[in-house]
Number of protein chains: 2
Amino acid sequence: MDPNTVGFAKHDHDHCISDAITAADRMCRDAGLQLTPVRKRALSILLEEHRALGAYDVLARLSEEGFGAQPPVAYRALDFLTKHGLAHKIERLNAFIACAHPNELHTPAFLICTTCHAVAEAETDPSHSLLSQIAETTGFTIARAVLEAEGTCPNCREKADK
Amino acid sequence: MDPNTVGFAKHDHDHCISDAITAADRMCRDAGLQLTPVRKRALSILLEEHRALGAYDVLARLSEEGFGAQPPVAYRALDFLTKHGLAHKIERLNAFIACAHPNELHTPAFLICTTCHAVAEAETDPSHSLLSQIAETTGFTIARAVLEAEGTCPNCREKADK
DNA sequence: CGCTTGATGTAATAACATAACGTTTGAGGC
DNA sequence: GCCTCAAACGTTATGTTATTACATCAAGCG
């Protein structure tokens with residue numbers, strides 16, 4: 001298999017899937033969570049595609065493989081994954097993506113390329129963020145933040161410039 | 001009419017509606033845009049409610065008043081308003097809200113109270129933002145940013161503390 | 001007038017998400 | 001071992017959000 005693109009850079013894709021699954025296994029064991037077959041498969045589907053996938057896309061794959069065929073099957077697996085930081089929902093796209101930096105506690109920020117539809121997850125330092133500054137001055141307590149930018153990724157920009 | 005709450009602070013609500021409509025009128029005239037009856041009414045509905053409203057909520061109000069009753073009626077009006085900065089879509093809520101700072105060119109940030117459902121729009125300086133820093137280091141060109149935080153507003157926090 | 005463009009209206013359908021309920025399964029107490 | 005409970009899973013049905021496709025109408029303009 002050829003190296004694939006993740007975010008906007010190339011990398012060895014096979015490795016990152018198995019690594020991520022292994023890490024998820026360990027994390028769930030340590031936390032006393034059940035990474036059941038559906039949940040694990042949903043995660044691996046997101047990892048294989050390595051892009052934002054709609055719940056129904058995941059559902060289709062799951063049902064092909066003998067799991068339930070109704071929406072709650074996908075939504076429940078995705079809820080579990082997002083709740084425990086193994087995946088994220090991209091609100092702008094109503095779609096889900098495997099977390100690129102599991103383990104670390106983070107407020108992810110996403111860069112969404114409107115040309116090639118790649119999505120990159122960037123790490124942020126929550127305490128320095130704009131939102132936390134705003135929150136501080138207004139007395140608002142943040143429980144969860146959504147940071148998403150749409151635009152053109154370096155690869156597509158380069159192509160467009162030609 | 002009693003002063004109402006906007007964002008998390010009190011203010012004179014009647015005034016802000018008429019002011020906002022006047023400003024929108026002028027802005028559209030200057031820009032050669034048509035602030036047609038449906039569009040103007042959609043804006044005033046958002047202003048009156050002063051909270052995030054679903055497209056179908058707006059549609060219901062519009063159709064009661066003799067405008068079309070099908071979803072595109074609302075979506076088209078809301079698209080116009082958001083496209084020209086008179087309203088914003090809150091992605092997390094799949095809902096729309098009148099812009100609190102029209103005229104100014106801005107990347108709005110929203111603070112969403114999960115208790116009382118108030119939504120405050122905060123101004124940001126795009127150039128200092130986290131996202132633009134990330135974008136700069138990765139070569140990504142941002143066209144549009146979504147900044148939304150969910151949590152507890154000062155008012156609800158105060159009540160909860162009692 | 002005849003053409004184009006943008007706004008509006010409708011019907012139909014697509015895409016996204018949840019409620020409600022029954023069954024299965026596995027861990028822990030007895 | 002066996003009972004009980006809670007969590008996970010499956011299904012049906014439904015609710016919510018959004019778009020496609022196409023007809024009509026009015027304004028601007030050669």
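**Exercise 1. Strand pairing across the two chains**

Task: In this predicted model, determine how β7(A) is joined to strand β7 of chain B and which strand of chain A pairs with β7(A).

Solution:
- Step 1. Strand β7 of chain A and strand β7 of chain B, residues 141-152 in chain B, run antiparallel and are joined by 11 bridges.
- Step 2. To fix the register, take A:Ile142: its bridge partner in β7(B) is B:Gly151.
- Step 3. Within chain A, strand β5 (residues 109-113) pairs with β7 (residues 141-152) in the parallel sense, over five bridges.
- Step 4. In this parallel pair, A:Ala109 stands opposite A:Leu147.

**Exercise 2. The relation between the copies**

Task: Find what kind of axis relates chain A to chain B, and which C-alpha of chain A is nearest the axis.

Solution:
- Step 1. A turn of 179 degrees with a shift of 0.1 Å along the axis lays chain A on chain B, with an RMSD of 0.1 Å.
- Step 2. This is therefore the relation of a two-fold axis.
- Step 3. The C-alpha of chain A nearest the axis belongs to A:Leu147, at 2.4 Å.
- Step 4. Both copies use the same surface, since 100% of the contact residues of chain A recur in chain B.

**Exercise 3. The annotated cysteines**

Task: Locate the four cysteines of chain A that the UniProt entry annotates as "binding site", and state whether A:Cys113 and A:Cys116 are buried or exposed to some degree.

Solution:
- Step 1. The annotation comes from an unreviewed UniProt entry and covers A:Cys113, A:Cys116, A:Cys153 and A:Cys156.
- Step 2. These residues are spread over 44 residues of sequence, yet they cluster in space, with a largest C-alpha distance of 8.2 Å.
- Step 3. A:Cys113 lies in strand β5 of chain A. Its relative accessible area is 0%, so A:Cys113 is buried.
- Step 4. Apart from neighbours within four places in sequence, the contacts of A:Cys113 include A:Cys153, A:Cys156 and, from the other chain, B:Phe140.
- Step 5. A:Cys116 is found in the loop between β5 and β6 (119-122) of chain A. With a relative accessible area of 39%, A:Cys116 is partly exposed.
- Step 6. With neighbours within four places again left aside, A:Cys116 is in contact with A:Cys153 and A:Cys156.

**Exercise 4. Two helices of chain B**

Task: For α1(B) and α4(B), compare the end-to-end reach with the expected value, then work out where the buried residues lie.

Solution:
- Step 1. Helix α1 of chain B (residues 13-31) has 19 residues and reaches 27 Å between its first and last C-alpha, close to the 27 Å expected at 1.5 Å a residue.
- Step 2. Its buried residues include B:Cys16, B:Ile17, B:Ala20 and B:Ala24. The buried set covers an arc of only 165 degrees around the axis and therefore lies on the same side of α1(B).
- Step 3. The face turned away from that side carries the exposed residues B:Arg29 and B:Asp30. After α1(B) comes B:Gly32, with a positive phi near 70 degrees.
- Step 4. Helix α4 of chain B (residues 71-83) has 13 residues; its end C-alpha atoms are 18 Å apart, which agrees with the 18 Å that 1.5 Å a residue should give.
- Step 5. B:Ala74, B:Ala77, B:Leu78, B:Phe80 and B:Leu81 are buried in α4(B). Their arc of only 155 degrees puts them on the same side of the helix.
- Step 6. The buried residues of α4(B) pack against elements of chain B including α1, α2 (37-49) and α3 (55-64). Exposed B:Arg76 and B:Lys83 are on the face turned away.
- Step 7. Just after α4(B), B:Gly85 has a positive phi of about 75 degrees.

Technical notes:
Residues are numbered from 1 along each chain as its sequence is written. Chains are lettered from A and ligands numbered from 1 in the order in which they are written. This is a predicted model: local features need pLDDT of at least 70, side-chain atom pairs count only at pLDDT 80 or more; totals for chains, interfaces and linings use all residues. Side-chain values use heavy atoms; hydrogens and water are left out. Two strands pair if DSSP finds at least two bridges between them. Helices (H or I, at least four residues) and strands (E, at least two) are DSSP runs, numbered from the N terminus. Copies are superposed by least squares on the C-alpha atoms of residues with pLDDT of at least 70 in both. Contact means heavy atoms within 4.5 Å. UniProt positions are given in the numbering used here, feature names are shortened, and annotations may be inferred rather than shown by experiment. Buried means under 20% relative accessible area, exposed over 50%, partly exposed in between (1.4 Å probe, protein chains only). The expected span of a helix is 1.5 Å times one less than its number of residues. The arc is that of the directions from the helix axis to the C-beta atoms.
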